[in-house]
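Here are some exercises for getting to know a new structure, each with a worked solution. Try each task yourself before reading on.

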Amino acid sequence: MNADLHTHILPDMDDGATSIEDALTLLRRELAGGIDTVALTSHFCTDWDSVDEYVTRRDRSFRQLQQAVQEAGLPIKLIPAAEVMYSSALSDTDLTPLCYAGTRTLLIELLPNAYPAGFERFLFQMGTKGYTVLIAHIDRYPYLLESPRLLCQWVKQGCWCHVNASALLYHRRTLAFTAAAVRHGLVHLIASDTHSIEKRPPLLQEAYALLQKHCGDKRVAELQKNPERLLSSQKLLAPPPSEIKKLFGIYR
Ligand SMILES: [Fe+2]
């Protein structure tokens, strides 16, 4: 299996695909890049939706897309999931329907510009309820790039982390940060977070190839195996977490 576990391909759910045609275009691009399994992780936020309302909308859109995929004869498997905006209110909610289908893993997004108050407590609470948190695109939080020590604390608490392929391909600073995080066991998988052909197109193979030059074959092979392991509720492969050192703006 080659899976992309973070996409906004499900039509009319968020700021991603707006039609079945857009969604099919993105799925064809995923197939062309060697991806055969795609998780549909439309945004969920407690301020906008209840879990029930979201799941009703998502499942309706999922059925329509699934039918279109079958009619188009695309050999790609679709997995319902969600990208959940972190809020301390989440810990009182049954989040099972938002996990990657058939697992207890939740994709959690943090606000980009502010340290998420109470996140350590949230990770602890999720752990006691049997959830594993996968933090979305750690390359997109300036406070982590400034203070990467925080990331090691979170991974030691049991969460997993992913980076966007675009962080490797388009931005030198996030490439340096991401490569260091991969070497230190702080990244567990790469995903596209694709919204459209223009906004973060699915380019996972290109990202893996670039990362090989910075982190070696073994780590990249682990990253490539981890999406399948996550979907089958296995522990993800990574070295024990250790702190990234940042000296004079260089990550080591
Ligand atoms: Fe996303």
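**Exercise 1. Find how strand β6 and β7 pair, and which residues face each other.**

Step 1. In this predicted model, strand β6 covers residues 105–109 and pairs with β7 in the parallel sense. The pairing runs over 4 bridges.

Step 2. To locate the match, look at L106: V133 in β7 stands opposite this residue.

Step 3. Now go to the next neighbour of β7. Strand β8, residues 160–164, also pairs with β7 in the parallel sense, over 2 bridges. Here L134 stands opposite W160 in β8.

Step 4. Place these strands in their sheet. The sheet is open and has 6 strands in the order β3-β5-β6-β7-β8-β9, with parallel pairing. Its edge strands are β3 (43–44) and β9, each of which pairs on one side only.

**Exercise 2. Decide whether the two faces of β7 are covered or open.**

Step 1. Recall a general rule: in a regular strand, side chains alternate between the two faces of the sheet.

Step 2. Sort the residues of β7 by side. T132 and L134 lie on one side, while V133 and I135 lie on the other.

Step 3. Check burial. These four residues are all buried, and both faces of β7 are covered.

Step 4. Follow the chain into this strand. The path leads from β6 through α3 to β7, and this β-α-β crossover is right-handed.

**Exercise 3. Work out where the buried residues of helix α3 lie around its axis.**

Step 1. List them: in α3 (residues 119–128), the buried residues are F119, F122, L123 and M126.

Step 2. Look down the axis of α3. The buried residues fall within an arc of 100 degrees, so they line one face of the helix.

Step 3. Compare with a general rule: an α-helix has 3.6 residues a turn, so residues three or four places apart point the same way.

Step 4. Turn to the face pointing away from the buried side, which carries the exposed residues R121 and T128.

Step 5. Ask what covers the buried residues of α3. The cover includes β7 (132–135) and α5 (149–156).

Step 6. Keep going along the chain: just after α3, G130 takes a positive phi of about 85 degrees.

**Exercise 4. Compare D193 and S233: is each buried or exposed?**

Step 1. Start with the backbone. Phi of D193 is near 55 degrees, and phi of S233 is about 60 degrees. Both values are positive, although D193 is not a glycine and neither is S233.

Step 2. Find their places. D193 lies in the loop between β9 (189–191) and α8 (204–231). S233 sits in the loop between α8 and β10 (246–247).

Step 3. Count neighbours. D193 has 27 C-beta neighbours inside 10 Å, so D193 counts as buried. S233 has 12 other C-beta atoms within 10 Å and is therefore exposed.

**Exercise 5. Trace what surrounds L230.**

Step 1. L230 is found in helix α8. With 24 other C-beta atoms within 10 Å, L230 is buried.

Step 2. Set aside the neighbours within four places in sequence. L230 is then in contact with L5, Y100, T103, T105 and L236.

Step 3. Look across the chain to R104. L230 and R104 are 126 residues apart along the chain, yet their C-alpha atoms are separated by 9.4 Å.

**Exercise 6. Describe the largest nonpolar core and the protein as a whole.**

Step 1. The largest nonpolar core has 73 residues. Those with the most contacts inside it are L40, I108, V133, I135, C161 and A181. Helix α8 gives the largest share of this core, 7 residues.

Step 2. Take L40 as an example. Beyond its neighbours within four places in sequence, the contacts of L40 include T7, I9, F62 and L78.

Step 3. Step back. The protein has 8 helices and 11 strands, and buried residues make up 43% of its 252 residues.

Step 4. Test the overall form. For 252 residues, a compact globule would have a radius of gyration near 18 Å; the protein has 17 Å, which agrees. Its C-alpha trace spans about 55 × 40 × 30 Å along the principal axes.

Notes. Residues are numbered from 1 along each chain as its sequence is written. This is a predicted model: local features need pLDDT of at least 70, side-chain atom pairs count only at pLDDT 80 or more; totals for chains, interfaces and linings use all residues. A residue is buried if 20 or more other C-beta atoms lie within 10 Å of its own, exposed if 12 or fewer, and partly exposed in between; C-beta atoms are placed from the backbone. The arc is that of the directions from the helix axis to the C-beta atoms. Two residues are in contact if their C-beta atoms, placed from the backbone, lie within 7 Å. A nonpolar core is a set of buried Ala, Val, Leu, Ile, Met, Phe, Trp, Tyr and Cys residues joined through C-beta atoms within 7 Å. The radius of gyration is taken over C-alpha atoms; the globule rule is 2.2 Å times the number of residues to the power 0.38. Two strands pair if DSSP finds at least two bridges between them. A crossover is right-handed if, with the strands pointing away from the viewer, the path from the first strand over the helix to the second runs clockwise.
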